[in-house]
Amino acid sequence: MAKQTFMRGAMILATAGAATKIMGMMIQMVVARKLGAQGFGLFQTINPIFYMLLTLATLALPTALSKVIAENLALGNMAKIRRALTISNATVIILSLAICSASIYFAPLITTKWLDPRASLPFMVALLRIPVVCLSSVMSGYYMGTQNQTPPAIAWVIETVVRTAMTIPLILGLSQYGIEYGALAVMIGAGAGETAGYLYMMWRYYRQDRPVISSQTIHTHQPANTRETIRDLAQVALPTTVTNLSGIIAFALEPVIIYFSFAHIGVAKTTATALYGSFGMAMELLFLPTVLSASISSVVIPAVSEAAAMKNARLVSHRLNQVVQVTFLIALPATVFFILSGHDLAHSLYKDQLAGAILAYMAPACVFLYILDPLSAVLQGLNKASLSTGISLLTSGIRIACIYYFISQTGEGIYGIATAIAISGIVSTLLSMYCVRKFVSLSINVTNLVKMIIATGLATIPIHQIQVWHFTQSPILQVLGGLLMGGVIYVMTLLYLGVFPIKTIESIPWIGPLLARTLLRMPFVS
């Protein structure tokens with residue numbers, strides 16, 4: 001089976017993630033412009049409960065599977081890999097069908113009593129996606145474990161292409177009947193895309209991977225103990241599920257608490273839905289730059305598990321430091337760009353001024369919010385998922401309490417949600433960093449960090465000047481101008497200061513070798 005280096009795998013996922021993000025933004029722009037903030041708000045109320053049910057149905061088996069496969073690949077135990085995949089698939093099929101059936105029965109009650117009644121129809125259609133999403137997640141976990149990120153990357157692109165091709169025409173056709181039918185169109189398109197992506201991974205597995213596993217299992221003659229395999233999966237899956245659930249339950253409670261808090265200060269449910277929609281737009285933009293850090297989170301669990309299985313503490317430390325460096329690399333310029341151009345960006349894409357204001361307000365918390373998932377992934381890779389569980393439980397409670405307090409008691413309104421998420425994210429990141437440092441040596445490269453700060457400072461100049469000069473009245477041109485000029489200066493400064501090793505640039509899929517050769521011809525780049 002093909003195996004890729006840590007950074008190459010992350011780059012492949014990041015490239016696919018960037019493509020899917022761009023296509024996903026097209027859908028969001030159509031939703032925002034055709035359905036408005038209230039339509040966007042419907043998704044914000046549906047998604048938390050949908051993801052809570054999805055978390056229960058998957059039981060964190062994709063994460064556990066990637067870890068078990070990585071460990072047994074390092075040990076050459078192919079029989080256990082095959083058995084783990086079979087157990088994971090069978091488990092999620094049973095759980096997803098049971099949860100899907102029960103949830104559809106209670107869906108009208110949930111949406112009518114606790115959410116916006118208009119969310120009932122799209123919510124029930126969203127529930128039908130659960131089985132295929134679970135199975136697709138297991139296959140992604142399998143490929144993450146083999147450290148071959150190409151199949152899931154291609155599957156994500158296929159999924160997004162199909163989703164975009166189906167969703168946009170459906171929105172344009174159904175939105176005339178009401179925003180609930182526009183939301184329904186999005187759910188139908190999402191289901192079609194997820195099915196297409198899963199079918200590709202299954203085709204790839206049966207065509208290439210399964211024959212290899214079967215032949216190597218026969219030649220090695222290694223027995224696979226079912227009870228031992230279940231135990232190994234459960235050691236990661238159960239604490240990780242509790243961790244995910246603690247966060248996702250708080251996430252699912254958010255719309256309920258938000259509606260209750262707004263009602264407490266006399267805000268109607270329809271107005272609250274619109275405000276929540278603007279907040280959702282801001283969050284989509286805030287986490288847009290996390291394509292690379294999210295990709296590293298996906299590959300870091302099997303990479304750390306493999307290094308830990310081989311008792312290679314230095315490699316574990318190296319992976320952690322890579323994660324921290326990449327997060328700073330993304331978060332520093334993102335913070336500046338969102339503060340200076342957040343209003344124009346949200347107006348250009350969504351025609352929503354409030355979303356831009358929320359985006360600029362939350363931008364200073366980018367570093368903490370971006371690094372949280374990679375840190376949690378490191379703890380899971382080290383078999384310390386129980387620590388993530390405790391941190392998640394604590395910070396989820398903080399977030400819910402802060403949402404209620406800042407909306408209903410201090411009168412901050414929708415900014416109260418932003419404040420609550422920033423506070424809980426910062427606390428969670430600091431606690432995760434403290435726990436990781438107890439098990440892994442973390443020595444931040446201060447020199448590189450200073451170079452990134454210098455590059456960010458230089459990139460700020462053209463972005464700020466474009467805003468000051470108002471050389472164009474078009475917000476989208478201001479955003480593109482600032483992004484282009486600031487991005488070029490940031491990247492060139494990093495290159496000349498030696499933050500990017502040429503070997504890292506060569507690992508970029510498809511264009512890396514050509515880009516590296518071009519850069520080597522530039523003065524002072526080595």
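Ring pairs in this predicted model join Tyr142, Tyr143, Tyr205 and Tyr206 into a cluster. The total for the protein comes to 13 aromatic pairs. One of them brings together phenylalanine 287 and tyrosine 370, whose ring centres lie 6.2 Å apart with 50 degrees between the planes, so the pair is classed as tilted. The two partners sit 83 residues apart: phenylalanine 287 belongs to the loop between helix 9 (269-286) and helix 10 (291-309), while tyrosine 370 is part of helix 13 (residues 366-381). Their surroundings can be read from the accessibility values. Phenylalanine 287 has 29% relative accessibility and therefore counts as partly exposed, whereas tyrosine 370, at 2%, counts as buried. A further pair, tyrosine 405 with phenylalanine 406, is edge-to-face, with 5.3 Å from centre to centre and 70 degrees between the planes. Here tyrosine 405 is partly exposed because its relative accessibility is 44%; phenylalanine 406 has a value of 13% and so falls in the buried class, for which the cut-off is under 20%.

It is helpful to set these pairs against the overall architecture. The secondary structure consists of 19 helices and 0 strands. Of the 526 residues, 57% count as buried. The protein exposes about 21,800 Å², and carbon and sulfur atoms account for 68% of that area. Among contacts between residues at least 6 apart in sequence, 83% connect residues at least 24 apart.

The interior can be followed through its largest nonpolar core, which holds 128 residues. Within this core, the residues touching the most other members are Met139, Tyr142, Phe279, Phe338, Met362 and Ile417. Helix 1 (residues 6-58) provides the largest share of the core, with 16 residues. Tyr142 thus appears both in this group of core residues and in the tyrosine cluster.

Met362 offers a convenient way into helix 12 (residues 353-362), a mostly covered helix in which 7 of the 10 residues are buried. Those buried residues are Ala355, Gly356, Ala357, Ile358, Leu359, Ala360 and Met362. With neighbours within four places in sequence left aside, methionine 362 is in contact with Phe279, Met283, Leu286, Leu369, Ala418, Ile421 and Ala422. One of these partners, Phe279, is itself named among the core residues that touch the most other members.

Two further buried positions round out the picture. Threonine 167 is located in helix 6 (residues 150-174). Its relative accessibility is 1%, which means that threonine 167 counts as buried. Beyond the neighbours within four places in sequence, threonine 167 has contacts with Ile27, Ala185, Val186, Gly189 and Ala190.

Cysteine 435, for its part, lies in helix 15 (residues 414-439). With a relative accessibility of 11%, cysteine 435 is below the 20% cut-off and so counts as buried. Apart from neighbours within four places in sequence, its contacts are Leu379, Leu387 and Ile391. For one of these partners, leucine 387, the separation from cysteine 435 is 48 residues in sequence, and the C-alpha to C-alpha distance is 7.5 Å.

How values were computed
Residues numbered from 1 in each chain as written. Predicted model: local features only at pLDDT ≥ 70, side-chain atom pairs only at ≥ 80, totals over all residues. Heavy atoms only, no water. Buried < 20%, exposed > 50% of the residue type's maximum accessible area, 1.4 Å probe, protein only. Helix = DSSP H or I, 4+ residues; strand = E, 2+ residues; numbered from the N terminus. Core = buried A, V, L, I, M, F, W, Y, C linked by side-chain atoms within 4.5 Å. Contact = heavy atoms within 4.5 Å. Areas by Shrake-Rupley, 256 points an atom, 1.4 Å probe, with all protein chains shown as cover. Phe/Tyr/Trp six-rings, centres within 6.5 Å; stacked < 30°, edge-to-face > 60°.
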